[in-house]
Amino acid sequence: MLPRALRFTPEYRDYVWGGQRLRPGILTAEAWVIYENDRIASGPLAGKTLGEVSAEFGADLLGPAVLERRGPLFPLLIKLLDCNQWLSLQVHPNDQQARQLEGSGQSGKTEAWHILEAELGARLIAGLKPGTSAAGMAQAIRAGTVQELSQ
């Protein structure tokens, strides 16, 4: 039987743009708190990953609609980021592109961001100025001026 509550152990990722808010005194960029390979910390399922529990409990964990649409793969990645510097460009495939690039059974990535805290003057770039061409983008990448093309 699936327990009513599960406790997980976060996995920390250290990248050059990280800060020290997630683990004071230790440079940390991301805390992966819920994801397919996350291990359950305690209880009767301790040591199992969310992926293993998803395969074992299917609709009891994921719900019937998610199980029908996505199969038994655990569908979420929830992480906390401490962005102390500019991040790299992030590009994520849709479901069709993911299957084409990585094989059947793969799914794309949809993102939702919730900003918990930001320094005064912090910016989030979500797209390019209208009319930006591929050649213009390539030139900006080489020149290190991509920020000038952002919205």
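Student: Let's start with Trp 32 and Tyr 35: buried or exposed?
Tutor: Keep in mind that we're looking at a predicted model. The cut-off to use is a relative accessible area under 20% for buried and over 50% for exposed. On that scale, Trp 32 and Tyr 35 are both buried.

Student: How many aromatic pairs does the structure hold?
Tutor: Ring pairs are picked out by their centres, which have to lie within 6.5 Å. Tyr 15 with Trp 17 passes at 5.6 Å, and Trp 32 with Tyr 35 passes at 5.2 Å. The count of aromatic pairs for the structure is two.

Student: Which kind of pair do Tyr 15 and Trp 17 make?
Tutor: A pair of aromatic rings is described by the distance of the centres and the angle of the planes. Planes under 30 degrees apart count as stacked and over 60 as edge-to-face, with the rest called tilted. The planes of Tyr 15 and Trp 17 stand at 35°, so this pair is tilted.

Student: And what about Trp 32 and Tyr 35, what is their pair called?
Tutor: Use the angle again: anything over 60 degrees falls in one class. The planes of Trp 32 and Tyr 35 are at 90°, with 5.2 Å centre to centre, and that makes the pair edge-to-face.

Student: Back to the tilted pair: what is the relative accessible area of Tyr 15?
Tutor: Trp 17 sits at 9% relative accessibility, so it counts as buried. Tyr 15 falls in the class between buried and exposed, and its relative accessible area is 33%.

Student: Now the sheet. What is the strand order?
Tutor: The sheet is open and has three strands with antiparallel pairing. Its edge strands, each pairing on one side only, are β1 (11-13) and β3 (78-81). The twist averages 25° from one strand to the next. Read across, the order is β1-β2-β3.

Student: How many bridges join β2 and β3?
Tutor: β2 covers residues 30-34 and pairs with β1 over three bridges, in the antiparallel sense. On the β3 side, Ala 31 stands opposite Leu 80. That pairing is antiparallel too, and its number of bridges is four.

Student: Which residue of β2 stands opposite Arg 13?
Tutor: In an antiparallel pair you can walk the two strands in opposing directions. Glu 11 has Trp 32 of β2 opposite it. Step along to Arg 13 and the residue opposite is Glu 30.

Student: A glutamate in a strand: what is the relative accessible area of Glu 30?
Tutor: Glu 30 lies in β2, where four of the five residues are buried. Its contacts come from several stretches of chain, including Tyr 12, Trp 17, Leu 22 and Leu 80. Glu 30 is itself counted as buried, because its relative accessible area is 7%.

Student: Which side chain makes a polar contact of 2.6 Å with that of Glu 30?
Tutor: In a regular strand the side chains alternate between the two faces of the sheet. The partner here is two places along the chain, and the 2.6 Å contact joins Glu 30 to Trp 32.

Student: Which residues form the largest nonpolar core?
Tutor: In soluble globular proteins, nonpolar side chains tend to be buried together. Ile 40 is a handy way in, as it touches Leu 45 and Val 53, among others. The full set of five is Leu 2, Ile 40, Leu 45, Val 53 and Phe 57.

Student: What is the relative accessibility of Ser 54?
Tutor: Ser 54 lies in helix α1 (residues 50-57). Leaving aside neighbours within four places in sequence, Ser 54 is in contact with Leu 61, Leu 62, Pro 72 and Phe 74. Ser 54 counts as buried because its relative accessibility is 0%.

Student: How far apart are the C-alpha atoms of Gln 85 and Gly 18?
Tutor: Gln 85 belongs to the loop between β3 and α4, and is partly exposed at 48%. Its contacts beyond four places in sequence are Val 16 and Trp 17, and the backbone oxygen of Val 16 lies 3.5 Å from a polar atom of the Gln 85 side chain. Gly 18 is 67 residues away along the chain, yet the C-alpha separation is 7.0 Å.

Student: Last one: which residue takes a positive phi just after α4?
Tutor: α4 spans residues 95-102, and at its start a side-chain oxygen of Asn 94 reaches to within 3.1 Å of the backbone nitrogen of Gln 96. Toward the other end, Leu 101 is exposed, with a relative accessible area of 63%. Just after the helix, the phi of about 110° belongs to Gly 103.

Terms used: Residues numbered from 1 in each chain as written. Predicted model: local features only at pLDDT ≥ 70, side-chain atom pairs only at ≥ 80, totals over all residues. Heavy atoms only, no water. Pairing = 2+ DSSP bridges. Axes fitted to C-alpha atoms, helices over the stretch in contact; angles between N-to-C directions. Buried < 20%, exposed > 50% of the residue type's maximum accessible area, 1.4 Å probe, protein only. Polar contact = N/O pair within 3.5 Å; in protein donor to acceptor, adjacent residues only side chain to side chain. Contact = heavy atoms within 4.5 Å. Core = buried A, V, L, I, M, F, W, Y, C linked by side-chain atoms within 4.5 Å. Phe/Tyr/Trp six-rings, centres within 6.5 Å; stacked < 30°, edge-to-face > 60°.
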